[in-house]
Amino acid sequence: MSWLRLPPPYLGELVGSVLTRAVIHSGVPAKRLLVEVTGRRCSNLSFFLPSSLSGLAELMSVNAHELLWEHTAFPYVVAFMAPADVDRFATKALGQDLQQGSVASLIQSVTQGLPALRYCPDCVLDDVAELGESYWHRDHCLPATHVCRRHGTRLRLGDFATKIASRAYGMGLPQHQRGRPDFAGPPDPTAKALALGSYELLSRIDGHTADWSTHYRTLALEKGFVMVTGEVASAQLAMNLQVAFGEAYLASLGCSVTEPGRSWPALMVRERVRVPFAPVKHVLMQAFLDGCNVEQKTLAYRPPGKVPRDASSLDEQLAKQVRKAAIRANLRNVQTTITQLMKDTGHWSAFRHDRSNFPKTTAELAAFRATEASERKLGGREGHQRNMARKAAAAKR
Ligand SMILES: [Zn+2]
């Protein structure tokens with residue numbers, strides 16, 4: 001492999017992106033290049049934290065530790081581990097150890113909740129102008145990260161799924177993506193807080209946060225999640241967190257809150273609970289608590305507090321508006337779309353952001369969809385076909 005050199009990584013570039021650039025620069029097909037650089041057939045080389053890092057570092061002319069800590073997801077995935085575990089995993093990741101099972105399992109905490117690699121269109125412009133090419137930024141490709149830290153721009157999703165590891169190397173750079181908007185995630189300023197929280201995990205060098213449990217508990221009490229006993233109102237906190245982010249979004253990140261009292265947010269603020277939590281849960285918890293107003297959140301033994309009631313009363317009100325608008329449209333025999341109907345209520349973005357908070361409204365919209373006044377944007381649905389058939393019949397007459 002003497003002909004082969006890999007380009008040195010750019011600032012904050014993911015190691016998989018360096019290999020992608022090598023594929024483009026060399027013109028060698030991705031599969032063959034991977035065999036050349038790793039010395040073996042690897043159908044599943046991680047874009048985020050590949051095996052044989054030392055060998056890759058040598059070909060990229062960088063220090064192996066630098067490659068591990070500055071160009072892989074490693075600092076993110078070990079951010080809340082004890083120093084001894086971090087060292088153990090670092091040795092595994094750097095070594096030529098082919099039995100890499102435990103490091104592979106670490107990667108899941110970055111790929112779960114990441115449907116595709118993300119990129120910032122403004123960074124693409126800057127990078128191409130400065131460097132002549134764009135690259136996959138490590139801090140854009142983390143769970144719960146939807147905005148660019150530098151530009152404040154909403155990130156876009158690349159054209160290939162994160163899970164298909166080795167094929168990713170042949171899929172090009174951000175500038176080559178058709179891309180699509182990423183509608184997931186909360187609006188600003190929460191989205192910015194999440195992006196910053198995730199980024200901060202990348203920039204830690206010791207990889208260990210001492211006693212985070214006490215930190216969250218103190219913060220939760222400060223924000224008013226207090227029971228009459230003085231304990232943290234953990235179930236209440238879990239419910240409020242769920243309302244703040246929305247059920248569907250949390251589920252997409254693998255962070256569902258099912259039974260509030262026994263859910264992960266409740267466990268995170270409980271004393272003497274030392275189970276590990278995925279980094280994204282820490283990021284969500286910190287952003288949620290930082291964004292909370294300081295106020296008494298609950299009285300002991302009282303069912304759901306202020307926020308959930310507000311969400312459901314808005315749902316109630318929207319459902320009524322939708323029902324009326326649907327009846328009007330049907331009476332006047334005008335066609336409209338669900339999007340238009342919801343835009344008319346003035347709450348389209350809240351609804352679109354998380355439909356799971358609006359069960360009654362969703363039910364009304366489904367009922368409306370079955371009526372003649374519902375105009376379908378996509379062909380093939382029954383109503384559209386009925387309309388087409390009617391028009392065709394009218395034309396024949
Ligand atoms: Zn950017």
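**Exercise 1.** In this predicted model, work out the handedness with which α4 passes α6, and how the two helices are oriented to each other.

*Solution.* Start with the crossing itself: α4 passes α6 in a right-handed sense. Next, take the geometry. The axes of α4 (residues 64-71) and α6 (residues 83-94) come within 11 Å and cross at roughly 115°. Angles from 65 to 115 degrees count as roughly perpendicular, and α4 and α6 are therefore roughly perpendicular to each other.

Now look at the side of each helix that takes part. From α4 come Ala64, His65, Leu68 and Trp69, and they meet Val86, Ala90, Ala93 and Leu94 of α6. Sorted by character, the residues of this contact are seven nonpolar, one polar and no charged.

**Exercise 2.** Find the donor atoms of the zinc ion and classify the geometry of its site.

*Solution.* First, list the donors: SG of Cys120, SG of Cys123, SG of Cys148 and ND1 of His151 coordinate the zinc ion at 2.1 to 2.3 Å. Then check the angles among the four donor atoms, which are 103 to 114°. Four donors count as tetrahedral if all angles lie between 85 and 135 degrees, so the site of the zinc ion is tetrahedral. Finally, read the spacing of the donor residues along the sequence: C-x2-C-x24-C-x2-H.

**Exercise 3.** Which backbone features stand out at Pro189 and Ser61, and where are these residues found?

*Solution.* Begin with Pro189: the peptide bond leading to Pro189 from Asp188 is cis, with omega near 0°. Pro189 lies in the loop between β3 (180-181) and α9 (190-202). Turn then to Ser61, which is not a glycine yet has a positive phi of about 55°. Ser61 sits in the loop between α3 (53-60) and α4.

Technical notes: Residues numbered from 1 in each chain as written. Predicted model: local features only at pLDDT ≥ 70, side-chain atom pairs only at ≥ 80, totals over all residues. Heavy atoms only, no water. Axes fitted to C-alpha atoms, helices over the stretch in contact; angles between N-to-C directions. Helix = DSSP H or I, 4+ residues; strand = E, 2+ residues; numbered from the N terminus. Parallel < 35°, antiparallel > 145°, perpendicular 65-115°, else oblique. Left-handed = near helix turned anticlockwise from the far one by under 90°. Contact = heavy atoms within 4.5 Å. Nonpolar A, V, L, I, M, F, W, Y, C, P; charged D, E, K, R; others polar. Donors = N, O, S within 2.8 Å, 3.2 Å for Na, K, Ca; no water. Tetrahedral: all angles 85-135°; square planar, octahedral: opposite > 155°, others 65-115°.
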